[in-house]
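Colleague: I'd like to learn how to read a model like this one. Could you walk me through it, feature by feature?

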Amino acid sequence: MASSSTAFYLKNSGFHVRNVPKEWNDWNLFHVFEQFGRVGYCRVAVQSQQDNAVQLGFVNMLSVCDADEVRKALSDGSLIGEGYSLKVLDQKTHSHQ
Amino acid sequence: RGAELENIVKVSGYPEHLNTFGVAQLLTPYRVNGVTMTGPQSAVVTLENKFQVFQAVKEFNGKQIDRNHVLHVAGNVASSPAVSLPKNSQ
């Protein structure tokens, strides 16, 4: 198995999440994605710069089906809910993987 | 090593003939990293992370697997969001 840049993940089931509210932790992000299916992995990357109003997140769904449910729920690349609007991008898959 | 404790679930109540592979299969599709049998019908299972533990407990605890067996799945993980969840989510 070719290793990815950080860790193993299932192809087509990972997402980069931008625009995560600054006060959220991993559980907040988890509960958003849990509505669509099973979550395999989830984390919020705390940004080092001060006065940043948003942070970054990574979510891996447990299967491609679950990830497709997330994709269906996206409107123009965003997941919009009460008090948040997450920019969700497919995790890039490099050609050598 | 407290960090590892939140990755484990105690599973019991499954049919007596299951071995570690059978126990791991009960928790499909969560990723099982280890199974330790603790009795004829109980085991401690290590999953990949706390989120999978949380979901496995929610999905499998109290599940009737056949006429004579009800699965009991217990974990040590409580959801702890930093800010309260919006009402429209779970």
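Modeller: Sure. We start with strand pairing: two strands count as paired if DSSP finds at least two bridges between them. Keep in mind that this is a predicted model.

Colleague: Okay, so how many bridges join β4(A) to β5 of chain A?

Modeller: The general idea is that strands of a sheet pair through backbone hydrogen bonds, either parallel or antiparallel. Here 4 bridges join β4(A) to β5 (residues 84-90) of chain A, and the two run antiparallel. Within that pair, A:Leu79 sits opposite A:Leu86 of β5(A).

Colleague: In what order do the strands of the chain A sheet come?

Modeller: The order is β2-β3-β1-β5-β4, giving an open sheet of 5 strands with antiparallel pairing. β2 and β4 (78-81) of chain A are at the edges with a single partner strand each, so each has one side without a neighbour in the sheet. On average, neighbouring strands are turned by 20° against each other, ignoring direction.

Colleague: Over to chain B. Which side chains of strand β3 in chain B are buried?

Modeller: In a regular strand the side chains alternate between the two faces of the sheet. Strand β3 (residues 42-47) of chain B does this: B:Ala43, B:Val45 and B:Leu47 point to one face and are buried. B:Ser42, B:Val44 and B:Thr46 point to the other face and are not buried. The cut-off for buried is under 20% relative accessible area.

Colleague: And which strands does β3(B) pair with?

Modeller: One is β1 (residues 8-12) of chain B, antiparallel over 5 bridges, with B:Val11 opposite B:Ala43. Another is β2 (residues 32-39) of chain B, also antiparallel, over 6 bridges. There B:Thr36 faces B:Val44, and β2(B) and β3(B) make a hairpin with 2 residues between them.

Colleague: Now helices. Why is α3 of chain B described as largely enclosed?

Modeller: A helix has its own rhythm: with 3.6 residues a turn, residues three or four places apart point the same way. In helix α3 (residues 50-60) of chain B, 8 of the 11 residues are buried, so the rest of the structure largely encloses it. The buried set includes B:Phe51, B:Val53, B:Phe54 and B:Phe60.

Colleague: What do those buried residues pack against?

Modeller: Elements of both chains: α1 (26-34) and β2 (39-45) from chain A, plus β1, α2 (20-26), β3 and β6 (72-75) from chain B.

Colleague: How do I read the ends of α3(B)?

Modeller: Look for a cap at the start. B:Asn49 caps the N-terminal end of α3(B), with a side-chain oxygen 3.1 Å from the backbone nitrogen of B:Phe51. After the helix comes B:Gly62, with a positive phi near 85°.

Colleague: Last one, the interface. How many residues does each chain bring to the contact?

Modeller: Chain A brings 21 residues and chain B 25. Together the chains bury about 2000 Å², of which 54% is on carbon and sulfur atoms. A:Trp27, A:Arg38 and A:Leu62 supply 32% of the area chain A buries against chain B, more than any other three residues.

Colleague: And how many salt bridges are there between the chains?

Modeller: The count is 3 salt bridges. One of them joins the side chains of B:Glu59 and A:Arg38, at 2.2 Å from N to O. On the side of chain A that touches chain B, α1(A) gives the most, with 6 residues.

Definitions and conventions: Residues are numbered from 1 along each chain as its sequence is written. Chains are lettered from A and ligands numbered from 1 in the order in which they are written. This is a predicted model: local features need pLDDT of at least 70, side-chain atom pairs count only at pLDDT 80 or more; totals for chains, interfaces and linings use all residues. Side-chain values use heavy atoms; hydrogens and water are left out. Buried means under 20% relative accessible area, exposed over 50%, partly exposed in between (1.4 Å probe, protein chains only). Contact means heavy atoms within 4.5 Å. A polar contact is a pair of N or O atoms within 3.5 Å; within protein, one must be able to donate a hydrogen and the other to accept it, and residues adjacent in sequence count only if both atoms are side-chain atoms. Axes are lines fitted to C-alpha atoms, for helices over the stretch in contact, and angles run from 0 to 180 degrees between N-to-C directions. Buried area is the accessible area (1.4 Å probe) that two parts lose on being put together, summed over both. A salt bridge is a side-chain nitrogen of Lys or Arg within 4 Å of a carboxyl oxygen of Asp or Glu.
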